[in-house]
Amino acid sequence: MAEEKDQPGATFDDQPLPDVYPEPHTENSAVLNGEAEEDTSAVTTEESTKDQSVKSSPNLLEMLKAAESRRALQDQDMAKAEPSETETEEMVTEGRKTDMQIQLTDQKQEFNKHPTKTGRRSLSHSISQSSTDSHSSVGSDSSEDGSSPRDKLQKTSKGFSDFCIKNIQQAEFGRRAIEIAQQEMPALMALRKRASGEKPLAGAKVMGCTHITAQTAVLIETLCVLGAQCRWAACNIFSTQNAIAAALAERGIPVFAWRGESEDDFWWCIDRCISAETWQPNMILDDGGDLTHWIYKKHQSLFKKLKGIVEESVTGIYRLYQLSKAGRLCVPAMNVNDSVTKQKFDNLYCCKESILDGLKRTTDIMFGGKQVVVCGYGEVGKGCCSALKALGAVIYVTEVDPICALQACMDGFRVVKLNEVIRQVDMVITCTGNKNVVGREHLDRMKNGCIICNMGHSSTEIELTSLRTSELRWEHVRPQVDHVFWPDGKRIVLLAEGRLLNLSCSTVPSLVLSITATTQALALIELYGAPEGRYKQDVYLLPKKMDEFVASLHLATFDAHVTELTEEQAKYLGISKHGPFKPNYYRY
């Protein structure tokens, strides 16, 4: 058949117009009309039933026959009198009306074939909405009023009111999310069972400033089971899951946080968390150092009475080391960020999975062939590069450390300076923990549509203050997505206002956070229960044995079986057969 159609001289106009045309999306065609029924009467009942699903709609057939009639009139024999200009104009106009009516009727019928409860939406809106709906399922404020929770008094079902969150009515939904997270956090649940009877944190008053998610809620409630009293604020204005905060408040835990806080709200929540008249903390669990910094600056007497600080971010650790170096750290602190279980699991594997999730939900971008520059090749940078490379992106890396730069080279990435590739890349991802990594000079040279985001804890990596000028126009497009327009029409896509992308725009794997949360819980137990004099006013790393213990608690999840050393093998290596298996200076 294909060869016949391709013969010279054969055109579409030469082909006879059939009475029926295929209609692939219609299961049961309507009866055509009286004339069509006569033409198909010779067909057997069986064949008629078989062909019924491929007959065209009557409107489509009428449209095609009307078009053929117009062509036939225009091709009449020259001997016949041609119609006048008025007649021709009327005929063409009438034909157009017929076509339009038929087309509108067909569109209406096609619409009715796919009824939905909510009506049809455009494809672009559907994609955009679906990608944000999945993120907003837990604690998003997208459907709530914009009023500040500071303006209203809320109470739980038991009359508890020492909290400030978005909506206490979301507590039941948040409780279900916490129960789901518990299933993927086996070590914390095991810690509850093992130590709940001993209550190692009895008398501890823990004040926390972390992301408030389902995973951190499991940690907070574990600390309560172990005997601690807790008060909590958020370390990020975009990462709080409102339903989770409601669930914690319903359980009687003072929480001061909601998604979409302003800068003023952020510090107000921390201050409210601290300044309880009848409650003073003796332990701090911090992520980013903001709570530690606030107490140090505003409540010096309270700071001196603390028994210990546990910090999990590179930004917060940097601040603690600065205090220690200046001789102003008057309390022992535990550096969780540089523990093996945090660096090699949370920083690497968590970011490896969540970077893609955050970018997809906010931009719906396809990564194949995109040119991406990742600033920093630490554990976070390694995770981001690995994930993006797997999806076909072209990766460039910027680094200041020659060791990390060499690792990037041997992993197959080009190490460059940012200004060498800034004009050509489609995306810039910062994960250095530093400040002003991407400055105004880089932002000015970015190509139109370039996406910029941050995977570090703090928003200081992108020089945002330089973008808030009268010459640049900001347009809020979607939750956590802003377009910044230059005078010449160029725009860049800024995600989460330069804050931590994965927790601001998506969620993170519960299992990986279980490792970090267990490490934090053990660090609190260690500092709180340590005898006088064991820890001085300095920053400490967790003992290697504790890292190994945390890892062992998660092995059962993978049905993993660790080989045991024999006495002879342990003696040969000069270690105990029960560990620790590596010296403190070992680099995993």
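**Exercise 1. Is cysteine 505 buried or exposed, and what is its relative accessible area?**

Solution. Start with the cut-offs: buried means under 20% relative accessible area, exposed over 50%, and partly exposed in between, with a 1.4 Å probe and protein chains only. Cysteine 505 has a relative accessible area of 1% and is buried.

The model is predicted: local features need pLDDT of at least 70, side-chain atom pairs count only at pLDDT 80 or more, and totals for chains, interfaces and linings use all residues. Residues are numbered from 1 along each chain as its sequence is written, and side-chain values use heavy atoms, with hydrogens and water left out.

**Exercise 2. Count the disulfides, then check cysteine 350 and cysteine 505.**

Solution. Apply the rule: a disulfide is a pair of cysteine sulfur atoms within 2.5 Å. The count is 0. Take cysteine 350: its nearest cysteine sulfur belongs to cysteine 351, 5.3 Å away, and cysteine 350 is in no disulfide. Cysteine 350 is buried, at 2% relative accessibility. Now cysteine 505: the closest cysteine sulfur is in cysteine 453, at 8.3 Å, which is too far for a bond.

**Exercise 3. Give the strand order of the open sheet of 7 strands and find its edges.**

Solution. Fix the terms. Helices (H or I, at least four residues) and strands (E, at least two) are DSSP runs, numbered from the N terminus. Two strands pair if DSSP finds at least two bridges between them. The order is β3-β2-β1-β4-β5-β6-β15, and the pairing is parallel. β3 (255-256) and β15 (539-541) stand at the edges. Each has a single partner strand, so one side of each lacks a neighbour in the sheet.

For the whole chain, the tally is 23 helices and 15 strands.

**Exercise 4. Trace the chain from β1 through β2 to β3.**

Solution. Begin with β1 and β2. They run parallel, joined by 6 bridges. Threonine 210 has alanine 234 in β2 as its bridge partner. Between these strands the chain passes through helix α9 (residues 214-225), and the β-α-β crossover is right-handed. The test for hand: with the strands pointing away from the viewer, the path from the first strand over the helix to the second runs clockwise.

Go on to β3. 2 bridges join β2 to β3, again a parallel pair. Tryptophan 232 is partnered by valine 255 in β3. The chain gets there from β2 through helix α10 (residues 242-250), and this crossover is right-handed.

Check the cover of β2: 5 of its 6 residues are buried.

**Exercise 5. Which strands does helix α11 lie across, and at what angle does it run to β2?**

Solution. Axes are lines fitted to C-alpha atoms, for helices over the stretch in contact, and angles run from 0 to 180 degrees between N-to-C directions. Contact means heavy atoms within 4.5 Å. Helix α11 (residues 263-274) lies across β1 (205-210), β2 (229-234) and β3. Its angle to β2 is about 170°.

**Exercise 6. Find the salt bridges that tie helix α11 to distant parts of the chain.**

Solution. A salt bridge is a side-chain nitrogen of Lys or Arg within 4 Å of a carboxyl oxygen of Asp or Glu. The whole structure has 17.

Step one: aspartate 264 pairs with arginine 150 at 2.9 Å, N to O. Aspartate 264 sits in helix α11, while arginine 150 is in the loop between α6 (123-133) and α7 (171-183), 114 residues apart. Aspartate 264 is exposed at 53%, and arginine 150 is partly exposed at 32%. Arg150, Asp264 and Asp265 are linked in a network of salt bridges.

Step two: arginine 499 meets glutamate 263 at 2.2 Å, N to O. Arginine 499 lies in the loop between β14 (491-495) and α20 (501-505), and glutamate 263 is in helix α11, 236 residues apart. Arginine 499 counts as buried at 14%, whereas glutamate 263 is partly exposed at 43%.

**Exercise 7. How many residues apart are arginine 176 and glutamate 172 in helix α7?**

Solution. They are 4 residues apart, or about one helical turn. Their side chains form a salt bridge of 3.7 Å, N to O. Arginine 176 is partly exposed at 43%, and glutamate 172 is exposed at 59%.
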